[in-house]
Structures are given as structure tokens and as C-alpha cells.
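The exercises below are meant for a reader who is meeting this structure for the first time. Please look through the sequence and the model, and try each task before reading its solution.

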Amino acid sequence: MLFSDFGFDERILNSIRHLGFDDATDVQMKAIPEAMAGRDLLVSSKTGSGKTLAYLIPALHRVYRVKALSKRDARVLILAPTRELAKQVFSQLRLLTAGSKLKSTLILGGENFNEQHKALQKNPHFIVATPGRLVDHLTQRNLFLDGLELLILDEADRMLDLGFAEQLKILDAAAGHRLRQTLFFSATLDNTEIHDVAQLLLNEPSRVSVGSSTDEHTDIKQHFYLCDDLGHKEIILSKLLTQDGIKQVIVFTATRVDTIRLSELLTVQGFSAEALNGDLSQSARNKVMDSFARGHFDFLVSTDLAARGLDIANVSHVVNFDIPKYAEEYVHRTGRTGRAGFQGEAYSLVGPKDWYNFKALETFLTRQFDFEVISGLEAKFKGLAPKKNNAKSRQSIKKTEKEPTVTQKKQRQPDKTKFHTNKQDGFEPFALPKKKSKGIPLDDSE
Ligand code: ADP
Ligand code: MG
């Protein structure tokens with residue numbers, strides 16, 4: 001379907017033309033009319049399928065065509081779990097609003113609080129934010145959300161994790177009038193049941209799902225290698241990175257320390273590599289991401305900080321140096337390649353410590369993966385004996401539960417999905433604003 005067939009405001013069509021897009025993607029085709037009809041939505045479609053425009057376009061249409069509830073308050077609030085993703089969404093929004101009178105601002109932890117306060121005083125129509133810092137501004141009364149018309153959660157399943165729940169409740173209460181529309185987007189939202197925080201935010205939502213999060217992503221070729229230990233993994237990694245056809249690579253590791261160690265190791269071996277993790281200062285994080293996006297180096301070694309949402313055109317390969325604990329994160333990590341119809345490859349290294357996470361991943365994706373072998377680098381490790389109940393995913397509780405009795409079913413309304421509570425790198429954690437000296441805000445970064 002052509003963008004020109006939707007009946008958008010002409011200014012939106014012009015902006016889309018500037019982006020060079022004619023046809024809407026499947027998720028845009030399905031979600032945009034539903035969103036324009038004013039419904040609350042849970043939208044799910046594979047990584048790299050254009051979800052950002054699927055919410056930015058209806059948001060823009062509303063702001064252009066519908067009279068504002070308030071002249072002062074922001075009309076649209078978009079929340080993302082990492083600063084890097086919020087920045088990316090903000091730049092896409094800026095492209096769409098270029099040349100218009102619409103104002104937008106970006107509110108992130110780790111950046112100057114007073115400058116954000118000044119930007120908020122200009123009454124932006126759009127705010128893109130990570131939740132922690134936004135709640136800080138709200139509690140300082142730098143911001144009011146009484147006039148908010150549209151609340152959008154990108155990577156919504158991640159945003160519903162308990163680390164963000166309190167912040168979402170505060171934001172919801174501040175924008176509590178009935179006219180608000182709320183949209184959830186993620187590549188792994190389709191199986192997620194609505195737990196209590198989501199229920200608080202959403203009002204009779206419709207589901208829009210294009211495919212399933214467990215479907216094979218046909219643009220991402222997946223390869224798995226057995227490894228004996230860390231040293232063996234490192235040798236296999238260097239071998240994989242010297243193959244033909246590699247442009248840029250994101251190597252995901254489980255810990256922050258590993259990002260440093262591995263990037264140093266790769267640098268010594270002659271690869272142009274840098275580390276990204278939540279221990280870095282915000283300016284260092286910005287510098288690493290900017291230079292990677294500009295192609296100044298080819299190998300980014302990152303924690304899950306870079307797992308969600310980032311759209312970098314030249315990422316031809318993703319490596320999982322470790323298998324993530326939560327199977328959904330595998331879908332997001334590998335989804336940093338193979339975007340917008342391009343082909344990508346994902347390599348995953350499976351050692352003894354990864355084995356049960358790997359089996360959980362197979363359970364989640366309902367597939368069995370074969371292992372490939374690099375000649376001369378065969379592993380002695382062949383897997384571990386099955387462990388009971390190894391499925392670790394946000395949906396695992398649902399899958400492993402016994403069928404409830406009728407009375408249990410009644411008592412259990414509403415059914416809840418278990419969201420994990422551990423702090424994961426890169427995601428803005430919840431921290432109640434502590435006492436502030438001289439009004440200087442706390443940084444809400446880790
Ligand atoms: P998702 O959020 O689903 O992972 P993104 O919104 O980040 O995907 O979009 C992935 C890529 O596809 C981006 O580079 C974006 O510019 C591009 N894209 C979005 N919509 C279209 C379209 N209609 N036609 C072609 N490319 C598009
Ligand atoms: Mg996205």
C-alpha cells in the first residue's frame with residue numbers, strides 16, 4: 001500500500017517523500033489506520049520492519065489535524081528503554097517534522113538537567129524520553145502531562161519490566177485523563193499477556209501482530225557453534241570476523257567487563273573495535289555510538305545496551321558471544337542486522353555455561369538448531385544432560401504452568417506474565433529521586 005493512499009495530512013506525505021519511502025511496510029499498513037482511529041494498541045512485528053514510523057506517522061497526523069487538549073502540555077510522549085534508542089527515535093521524529101512549526105525535545109538521563117528544563121519551558125508538542133529522567137522533571141514540576149493525548153512505549157515488553165513499572169505508574173497518573181491514547185510496540189509483544197502495569201496504561205487495546213516473534217526471521221541467517229571454553233570462543237570469534245562479506249558487526253556479551261576485555265583483544269588482533277556498556281559516561285556512550293554509526297570502526301562489543309531498537313544500516317553480522325539469559329533478547333540482538341529487507345547473519349557461540357540458555361532459546365523459538373563446525377576448531381563439548389524446566393523467557397511461566405482448574409482460573413483474573421526483575425545493562429533503572437542538593441538533579445543512569 002502506498003503512503004499516499006492513507007489520507008494523511010499533506011505535510012506528512014511530503015516528509016515521507018523526503019525519507020524516500022513510497023510503500024508502507026506490513027506493520028505500517030496494519031497499525032497506522034488502527035492508531036488513527038484512536039484505539040489503544042499492542043503492536044508486534046519483526047525487528048527492522050518499520051515500527052518507528054508506524055507510531056510516528058499517526059502521532060504526527062493527530063497533532064496536525066486534531067485540536068490540542070492543552071496549549072501548554074506536550075501532546076505526544078514516546079518512551080524508550082535506552083538513551084541510545086530514544087536518541088534514534090528523536091532523530092527520526094526531527095526528520096519528519098523538519099520545516100514545520102512543531103516542537104520536540106529529548107529528555108534523557110546523563111544529560112544536562114537545566115537545559116532540559118529550559119527546553120520543556122518552550123512547551124514542546126512531542127517529548128521523546130527515557131522514563132527515569134522524565135519522572136524527575138515531573139516531580140520537580142518542570143513538566144505537566146494533563147494535556148497528553150498520546151503515550152507510546154517503544155520496546156514495550158522491556159518497558160513493562162519491573163525496573164520501569166514505578167516510573168510508568170507515575171507517568172500514567174500524571175496523564176490520567178480519559179482521552180489519552182496509548183500504543184505499545186515491540187518485536188516480542190505478540191505472546192505477552194497483559195500484566196497489571198500494562199492494564200493500568202491501556203484501555204481496551206486491540207492487538208496488531210504481523211507474524212509471530214517466534215517465526216524465523218527470513219532475512220537473518222543464523223549459525224550456532226559449540227565452544228569448549230572462553231579461549232576457544234575467542235579463537236572462533238576472530239576466525240568468524242575475518243570472513244568475507246563482513247561490514248560492521250555487533251558482538252554481544254553478557255557482562256560489561258567482557259565488552260572491554262573483548263574489544264581490547266580484538267584491537268590487539270588488528271580489528272577496529274570499541275566497547276559499549278553502561279559503565280561508560282554518557283559522553284563516551286554518545287561518542288562510541290556516533291562513530292560506529294558513521295562507520296569509523298567496524299566491531300562494536302556491547303552488552304544488551306545495544307540489543308533493542310538500534311537501526312544501523314551497515315551492520316551485516318551480529319555475534320552472540322554468550323547466549324542471553326532471556327530468549328526474547330536473542331530475537332532483539334540478532335535483529336540489529338537483516339533490517340528493512342536487507343540480509344544479515346547471526347553467529348552464536350554456545351559453551352557449557354550457555355547450554356541451558358541455548359536450550360531455553362530453542363524452546364522459545366520452537367526450533368532445533370544444528371551446530372556448524374569450523375575446520376580445525378571443533379569443540380569437544382557436545383552439550384549437557386537435560387535439566388528440568390530450563391525455559392527462561394518472559395512467557396516461560398505461562399508455558400510451564402499446569403493447566404489451572406476452573407476455580408483457579410476465576411481467581412487468577414487477570415492472568416499475569418512474569419517480567420524479569422534483574423537489572424540489565426543499558427536500561428534506565430528505576431531510582432526514586434533522592435534528596436537533591438541545591439536543586440541539582442541526580443543523574444538517573446546506572
Ligand atoms: P523496527 O522498529 O520495526 O525494528 P525501524 O522502525 O527501526 O524498525 O525501521 C527499520 C528500517 O526500515 C529503518 O532504517 C527505517 O528507516 C526503514 N523503513 C521504515 N519504513 C520503511 C518503508 N516504508 N519503506 C522502506 N524502509 C522503511
Ligand atoms: Mg523499533
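**Exercise 1.** Determine what covers the buried residues of α14 and how far this helix is buried.

*Solution.* The cover over the buried residues of α14 includes α13 (327–334) and β13 (344–350), and it should be kept in mind that the model under study is a predicted one. The next step is to count along helix α14 (residues 355–365), where 8 of the 11 residues are buried, so that the helix is mostly covered. Naming them one by one gives W355, N357, F358, K359, A360, L361, T363 and F364 as the buried residues of α14. For the chain as a whole, 49% of the 446 residues count as buried, and the chain has 16 helices and 14 strands.

**Exercise 2.** Describe the residue T366, which comes just after α14, and decide whether T366 is buried or exposed.

*Solution.* First locate T366, which sits in the loop between α14 and β14 (371–372). Its backbone is then examined, and T366 turns out to have a positive phi of about 45°. This deserves a remark, because most residues other than glycine have a negative phi. For the question of burial, a residue counts as exposed if 12 or fewer other C-beta atoms lie within 10 Å of its own; T366 has 9 such atoms within 10 Å and is therefore exposed. Finally, T366 can be related to a remote part of the sequence, since the C-alpha atoms of T366 and D215 are 8.8 Å apart in space while the two residues are 151 residues apart in sequence.

**Exercise 3.** Examine the phi values of R141 and E204, and say where each of these residues is placed.

*Solution.* Beginning with R141, the phi is positive, at about 60°, although R141 is not a glycine. R141 belongs to the loop between α6 (131–139) and β5 (150–154), and because R141 has 7 C-beta neighbours inside 10 Å, it counts as exposed. Turning to E204, phi is again positive, near 40°, in a residue other than glycine. E204 lies in the loop between α9 (196–201) and β7 (206–210), and with 6 C-beta neighbours inside 10 Å, E204 is therefore counted as exposed.

**Exercise 4.** Work out how α3 packs against α2 and how α3 crosses α4.

*Solution.* Take α2 first: helix α2 (residues 26–36) and helix α3 (residues 51–65) pack at an angle of about 30°, and their axes are 9 Å apart. Angles under 35 degrees count as roughly parallel, so α2 and α3 are roughly parallel to each other, and α2 passes α3 in a right-handed crossing. On the side of α2 the contact involves V27, Q28, A31, I32, A35 and M36, and these meet K51, L53, A54, Y55, I57, P58 and H61 in α3. Sorted by class, this contact has 10 nonpolar, 2 polar and 1 charged residues.

Now take α4 (residues 83–97), whose axis comes within 11 Å of that of α3, with a crossing at roughly 45°. That angle makes α3 oblique to α4, and α3 passes α4 in a right-handed crossing. The residues that make the contact are T52, L56 and L60 of α3 together with V89, Q92, L93 and L96 of α4. By class, the contact of α3 with α4 has 5 nonpolar, 2 polar and no charged residues.

**Exercise 5.** Characterise the residues around ligand 1, and say which of them come nearest.

*Solution.* There are 15 residues around ligand 1, and those that come nearest are G50, K51, T52, D311 and A340. Grouping this shell by structural element shows that its largest share, 3 residues, comes from α3. Grouping by class gives 4 nonpolar, 7 polar and 4 charged residues.

**Exercise 6.** Follow I16 in helix α1 (residues 10–19), and establish whether I16 is buried or exposed.

*Solution.* A residue is buried if 20 or more other C-beta atoms lie within 10 Å of its own; I16 has 21 of them within 10 Å and is therefore buried. Leaving aside neighbours within four places in sequence, I16 is in contact with F3 and F21. The C-alpha atoms of I16 and L96 are separated by 7.1 Å, although the two residues are 80 residues apart along the chain.

Notes. Residues numbered from 1 in each chain as written. Chains lettered and ligands numbered in written order. Predicted model: local features only at pLDDT ≥ 70, side-chain atom pairs only at ≥ 80, totals over all residues. Axes fitted to C-alpha atoms, helices over the stretch in contact; angles between N-to-C directions. Helix = DSSP H or I, 4+ residues; strand = E, 2+ residues; numbered from the N terminus. Parallel < 35°, antiparallel > 145°, perpendicular 65-115°, else oblique. Left-handed = near helix turned anticlockwise from the far one by under 90°. Contact = placed C-beta atoms within 7 Å. Nonpolar A, V, L, I, M, F, W, Y, C, P; charged D, E, K, R; others polar. Near = placed C-beta within 6 Å.
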